[in-house]
Structure formats: structure tokens, C-alpha cells
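User: Please go through this entry with me, setting each term you use against its criterion before you draw a conclusion.

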Amino acid sequence: MYKIMKNNKASRDASCMDDFDKNSITTDQALKRIFNTISPITKSEIISIREGLNRILGENIKSQINVPSSRNSAMDGYAINKVDIPKEKTNVLKIIGKSLAGSPFIKPIKKGECVRIMTGAVMPHGADTVVIQEHVSISNTNTEIIIDKNTKPEANVRHAGEDISVGEIVLRKGKSLTPADIGLLASLGLSQISVIRRLKVAFFSTGNELRSIGEELTDGEIYDSNRYTLHAMLSRLNVEIIDLGVVKDNKNLLAKAFNEAGERADLLITSGGVSVGEADYVKDILSDHGDINFWKVAIKPGRPLIFGNLSNTLFFGLPGNPVSVMVTFYQFVQPAIKKLSGDISDLPLTIKVSSASKLKKKPGRVEFQRGIIEKDNNNKITVRKTGPQGSGILSSMSDANCFIVLPLDSKGVEPGDLVDVQIFNGII
Ligand code: AMP
Ligand code: MG
């Protein structure tokens, strides 16, 4: 005899087909709970600036010097004194020498004199203006120049300390270092800096169907892509990566992997096994070995996200679908990593852009659709979706350059509606 299972909505857990789920918390609540749990690491270490990209500064950086260190020319031309600029017509000035970057002209200039000067060269004493070479006429003998009344006084001079002055705080503690920051540190003459120690982040994939790259696939098996995506996303954050491989859907093996991560890492990320399937053990193992802070967020894709901790190790159990992994990583794990490593930067910026696509959505979850932001034929910025939006379709992420963020209550979008967009990559 078979028992007939009734589809009783009130008594069963929400499935991935339902959008509203009374047991899910909102994305804002989830972020709040994550931030409330985390105390930033304070331990720092000294490193060379070349190793500094994406590291978090452990101290305020105060400049000991002026940048630039002296007044210099912003252009190739002639250094003059503004008193020699004629009120009417033109004036003739005698060239008394040359100032090149690294080889200054050391004598002062007097009235009626000028100095040939190149970009970056120190301004001679007595000069306060550079006339660019395209705006002067040179005598046949190459000894005099003619300037006219249109010469702009004090133009094309870069002043000492114009970029940075002595004593100024140039970079603040908690700043995640960019290529511009590394250059800035070099311009201050600093070769070493104090940064917060690197976070140790462990991860593993769960699933009996997963094969590692290099192995043959048999029926029903797939390659484990999540570990590679996670490795790449973590590499951008310059954390210490501990790859614990693939763990089968087996309680003993999972418990072993949890223990190892608990001993070695500040943060553990797993993928798969967090839903309500028969082989979804991650939540049980976490409650045995640590604490669950929340399970399930009103987000699509990625609802069955688990957050908690194993004594001193933070824990994120991400869903198995490859797009869910990326969405939940960027919305929750990355902000957590940043907070834990003392990074003071803001959450990703959201901007409003006109949608070129019709976007289907049901109320109940914040949805992160994958989009392409681009200029249309009229040079107007618009965004369109990448195509099918299933949580297993990783090419929807690969094709995208932004997330289109549709709020909880949204019932969909018509072409021309404004939508919130999070752009993936900035420059600098
Ligand atoms: P799960 O959350 O374990 O039920 O997995 C959900 C879906 O994601 C299933 O179709 C899995 O086969 C797939 N999946 C889980 N882990 C991975 C992985 N590491 N790489 C690629 N796909 C995965
Ligand atoms: Mg699984």
C-alpha cells in the first residue's frame, strides 16, 4: 500500500519552486547577523609593498615628505618670471640654461631671462611660470625666445606638496590596497608596511556526484566546478587558501573535514548539501560541531545558505548550484571576509539603470539576475539579462558584467523600467 503525500503548503518546507518562505530571513537581516557576529582580526605583520595588493593596511600612513618634493614643470617649455609677460604685443627673453628632470639649473633667473625646462624638472629660482614650447618663437641663434601678452602667469607649475604634504595621513588603517595605493606608498619612499595578517579560508565541495578534473565522468557525474570558482574568488581577496577537496555525502567524512577546518582556518566555506534532500547533511554536522546562526535567506538563487560557526571558525554553507555559490559568496561571504580582516570599505555600490529586457519575477525573494550593462545606439546606458537564469547555468555568470538586483516585493520588470545594478569589476 502506498501512502499518498498531500501537497499541503502550510505544513511542508518551502521548495525551490516557492518564492515566499516564512522561515527565510531577509538579505539585510542576514548581513546584520553576520556583521554582529564578527570581531575583526587585529594581528598585523610587516610586508614589502610589492606584496601589498588587496592586503588590509594595519596602520595609518603619514607622509614624511612632500610629493612632489620641489616645484617643477608640468610641461616642456621655458621657465620665466611673470613680470616679463608683456602688457602689449611681445617680449624677448634670453635663454640662460637648461633644467631637465634630475638635472636642475641651479642659478636664479633675472629679469629678461628664461630657462629651457622639461616636464618634471625643478623650477629655477626666480621663475614662477612655464610657457609651453608650442607658444613661443625661438630666435635663429637659439639663444632667445619671444613670448606674447597671452602668456598665462604662473601656468604649468607643479608646487611642492601639491599631491601630498608632510604630516598628511595618506592612507587609513583598514584600507584594502589598490595598485594606486601601492604606487602612492612608493612615492612616499616606503618599501615596507604593516598589514593585517592574511585570513585563513578553508573550503570543500560536498557531493557523491562530483569528480575532480582529470578523472573520467561516468553516468550522472559532474566535474566539481565550485572549488575552482571559490579558489578564484578568494584569490582576488589575497587570503590564505586551504583547499580541502571534495567530501562525499557521508556524515563521518564530513565531520572529519569540519574538524580539520576548525583547527586550521578562520573561515570555512562548503558548497552543496544544505538543502532538504536526503543526502544534505551539512546542517546536522554544523549543529553537532558548532552553532547555526541562520539557515535560509530570502534570496534567489541561494536560499538555503547556512551561516554559523565552529568554535573559532566562521562557517558558510553555500548551496551546491554554481550560480548560487557565486551570488551568496559576493553578497555574504565576501563582506564577512572583509569585516573579519578589518577592511573598512563599503558594500558594493548599486546604481539605477534602465532595463532593456523584460524580467520575470515573483515576489518573496531578492533576486540576483545576471546582466550585461552596455551603451545602446543612442549612447544611453542600459542593462539586459544574459539569457536563461537557472541557478545551475554558470555561463549566465560568465557572460555577465553585473548583477541586476530585483527587490523582495518586485513582480517583474518591463523594458524601460529602472532597475538596481551591481557592476562586477571596477578599475584602479
Ligand atoms: P546540492 O545543494 O548538494 O543539492 O547541489 C545542488 C546542485 O548543484 C546539484 O545539481 C549538484 O550536482 C550541483 N553541485 C553541487 N556541488 C557542485 C560542485 N562542486 N560543482 C558543480 N556543481 C555542483
Ligand atoms: Mg549535494
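User: Which residue is the bridge partner of Val353 in strand 28?

Analyst: The partner of Val353 in strand 28 is Val419. This is a predicted model, in which local features need pLDDT of at least 70 and side-chain atom pairs pLDDT 80 or more, whereas totals for chains, interfaces and linings use all residues. Residues are numbered from 1 along each chain as its sequence is written, chains are lettered from A and ligands numbered from 1 in the order in which they are written, and side-chain values use heavy atoms, with hydrogens and water left out.

User: What makes strand 22 and strand 28 a pair?

Analyst: Strands are DSSP runs of E of at least two residues, numbered from the N terminus, and two of them pair if DSSP finds at least two bridges between them. Strand 22 (residues 351-355) and strand 28 (residues 418-423) are joined by 4 bridges and run antiparallel, so the pairing criterion is met. Strand 28 also pairs with strand 26 (residues 402-406), in the antiparallel sense and again over 4 bridges, and there Gln422 stands opposite Phe403.

User: Why are strand 7 and strand 8 called edge strands?

Analyst: The open sheet has 6 strands in the order 7-4-6-5-9-8, with mixed pairing. Strand 7 (129-132) and strand 8 (137-138) each pair on one side only, and they are the edge strands. Strand 7 is joined by 4 bridges to strand 4 (residues 77-80), with the two running antiparallel, and Gly77 has Ile132 as its bridge partner.

User: How do you know that Asp128 and Lys82 form a salt bridge?

Analyst: The term requires a side-chain nitrogen of Lys or Arg within 4 Å of a carboxyl oxygen of Asp or Glu. For Asp128 and Lys82 the closest N and O atoms are 3.4 Å apart, so the pair qualifies, and the structure holds 17 salt bridges. Because Asp128 lies in the loop between strand 6 (113-117) and strand 7, and Lys82 in the loop between strand 4 and strand 5 (90-99), the pair ties together parts that are 46 residues apart in sequence.

User: What is around ligand 1, and which residues come nearest?

Analyst: Counting a residue as near if one of its heavy atoms lies within 4 Å, there are 15 residues around ligand 1, of which Glu209, Asp224, Ser225, Gly273 and Gly320 come nearest. Strand 13 (200-206) and strand 15 (222-223) each supply at least two residues of this shell. A polar contact here is a pair of N or O atoms within 3.5 Å. An N or O atom in the side chain of Asn226 is 3.2 Å from a nitrogen atom of the ligand, and backbone N or O atoms lie 3.1 Å from a ligand oxygen in the case of Gly320 and 3.2 Å in the case of Asn321, so the three pairs satisfy that cut-off. The protein covers 75% of the 480 Å² of accessible area (Shrake-Rupley, 1.4 Å probe) that ligand 1 has on its own.

User: What makes the backbone unusual at Pro68, Pro301 and Asn54?

Analyst: Most residues other than glycine have a negative phi, and most peptide bonds are trans. The bond from Val67 to Pro68 is cis, with omega near -5°, and Pro68 is found in the loop between strand 2 (61-62) and strand 3 (72-73). The bond from Lys300 to Pro301 is likewise cis, with omega near -5°, Pro301 being in the loop between strand 19 (299-300) and strand 20 (306-310). Asn54, in the loop between strand 1 (44-48) and strand 2, has a positive phi near 65°.

Conventions: Polar contact = N/O pair within 3.5 Å; in protein donor to acceptor, adjacent residues only side chain to side chain.
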